[in-house]
Amino acid sequence: MEAVSKNFFLTLSKSAVLNKAAKRWGMGFGASKVVGGQTFEKAIPIIKKLNEQGLCVTVDHLGEFVTSKEEAISRTEECITTVQAISREGLNSQVSVKMTSLGLDIDKELVVKHMKQILTEAKKYNIFVTIDMEDESRCQATLDIFKQLKAEFDNVGTVIQSYLFRSDQDLNILNEFNPNLRLVKGAYKESPEVAFMDKSDVDKNLKHLINKHLLNGNYTAVASHDDEMINYTKQVVREHDIPKDQFEFQMLYGMRSQTQLDLVNEGYKMRVYVPYGDDWYGYFMRRLAERPANVAFVLKGMFKR
Ligand SMILES: Cc1cc2nc3c(=O)[nH]c(=O)nc-3n(C[C@H](O)[C@H](O)[C@H](O)COP(=O)(O)OP(=O)(O)OC[C@H]3O[C@@H](n4cnc5c(N)ncnc54)[C@H](O)[C@@H]3O)c2cc1C
């Protein structure tokens with residue numbers, strides 16, 4: 001049943017038609033519990049509150065299915081405006097960005113140009129930018145862009161997904177850059193040709209990647225709501241005396257809020273991923289796919305409207 005529900009929501013997440021309809025409809029169905037707002041201005045009070053509670057943030061301007069150069073330019077400008085607003089408002093926040101939102105499906109060089117504009121502005125304010133990882137078909141292009149940017153900028157990182165067979169090898173290749181990486185299980189619908197289908201294999205591989213990246217001496221963001229991954233990380237850093245400034249935990253806004261605060265109280269760095277924007281549909285569907293319990297948000301949201 002869980003697998004059926006997962007596939008159902010992951011298939012829905014890819015629908016450009018429903019994505020368009022959702023934009024027109026406005027944020028509903030409980031999406032406001034996991035999305036910071038339809039504009040960055042709306043997300044600012046939420047970020048301030050998280051910061052006051054000792055939580056760091058990374059913000060993501062939601063956007064998928066970008067197919068025109070004009071739209072990609074407008075997304076780049078939005079990202080730059082967000083960087084400036086983070087500095088102006090004194091927020092403790094980084095930025096996360098998807099390469100498709102900057103034009104990956106149009107032209108790779110266009111994305112590099114856009115990313116250089118964003119990173120140059122972010123560097124002025126000492127703001128770190130993480131390149132989110134999307135589906136497997138875009139993984140190589142995303143890593144190529146990352147490597148190209150990393151040669152020039154020190155304020156850029158990316159994401160490795162443990163459900164992909166290729167990830168261990170990717171970690172080996174990226175190691176020469178001493179990258180700051182977010183390690184996740186992976187959120188997209190992938191085929192058995194490229195990804196582990198069994199949760200136990202995905203979990204085992206995430207532990208392996210966490211261990212390897214930490215022991216390689218690299219900054220590691222463990223992005224998971226899973227106690228098993230959190231406890232494993234705590235154990236590795238304890239056993240190897242890894243300092244608290246070499247790693248952090250990350251979780252999504254609206255998920256396990258009490259656990260986020262507990263980790264802060266234990267003295268760990270905890271970063272909350274706060275998405276915002278009117279393109280909330282695909283993100284929201286992937287969250288529903290992850291956890292059947294999240295579907296309760298939808299039902300409550302429907303009756304509350
Ligand atoms: C900050 C952040 C950034 C991310 N960036 C990317 C990215 O760039 N690319 C990408 O593909 N994916 C990304 N992801 C998503 C990630 O790949 C997973 O799909 C997602 O985090 C679900 O996996 P999990 O490790 O959290 O736990 P799961 O495997 O979903 O859950 C394992 C267990 O954790 C517990 N649990 C999980 N969620 C909850 C909850 N809400 N409340 C209570 N218990 C819970 C339950 O016990 C559950 O059985 C990101 C995730 C985070 C947190």
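In this predicted model, helices α7 and α8 run roughly parallel to each other, because angles under 35 degrees fall in that class. Their packing angle is about 10 degrees, and the axes lie 11 Å apart. Helix α7 spans residues 167-174, while α8 takes in residues 199-215. On the α7 side, the residues that meet the partner helix are S167, D168, L171 and N172; on the α8 side they are H208, L209, K212 and H213. Sorted by class, this contact holds two nonpolar, four polar and two charged residues.

A second point of interest comes from the UniProt record, an unreviewed entry, whose "binding site" annotation covers M133, Q161, K185, G186, A187, K199, S224 and H225. Two of these positions, A187 and S224, can be followed a little further in the model. A187 sits in the loop that links β5 (181-184) to α8, and with a relative accessibility of 18% A187 counts as buried, since the cut-off for that class is under 20%.

S224, for its part, belongs to the loop between β6 (220-223) and α9 (227-239). S224 is likewise buried, at 7% relative accessible area. Once neighbours within four places in sequence are set aside, S224 is in contact with K185, M229, I230, Q250 and M251. One of these partners, K185, is also covered by the "binding site" annotation in the UniProt entry. Closer to home in the sequence, a polar atom of the S224 side chain lies 3.0 Å from the backbone nitrogen of D226.

Key:
Residues numbered from 1 in each chain as written. Predicted model: local features only at pLDDT ≥ 70, side-chain atom pairs only at ≥ 80, totals over all residues. Heavy atoms only, no water. Axes fitted to C-alpha atoms, helices over the stretch in contact; angles between N-to-C directions. Helix = DSSP H or I, 4+ residues; strand = E, 2+ residues; numbered from the N terminus. Parallel < 35°, antiparallel > 145°, perpendicular 65-115°, else oblique. Contact = heavy atoms within 4.5 Å. Nonpolar A, V, L, I, M, F, W, Y, C, P; charged D, E, K, R; others polar. UniProt positions renumbered as here; feature names shortened; annotations may be inferred. Buried < 20%, exposed > 50% of the residue type's maximum accessible area, 1.4 Å probe, protein only. Polar contact = N/O pair within 3.5 Å; in protein donor to acceptor, adjacent residues only side chain to side chain.
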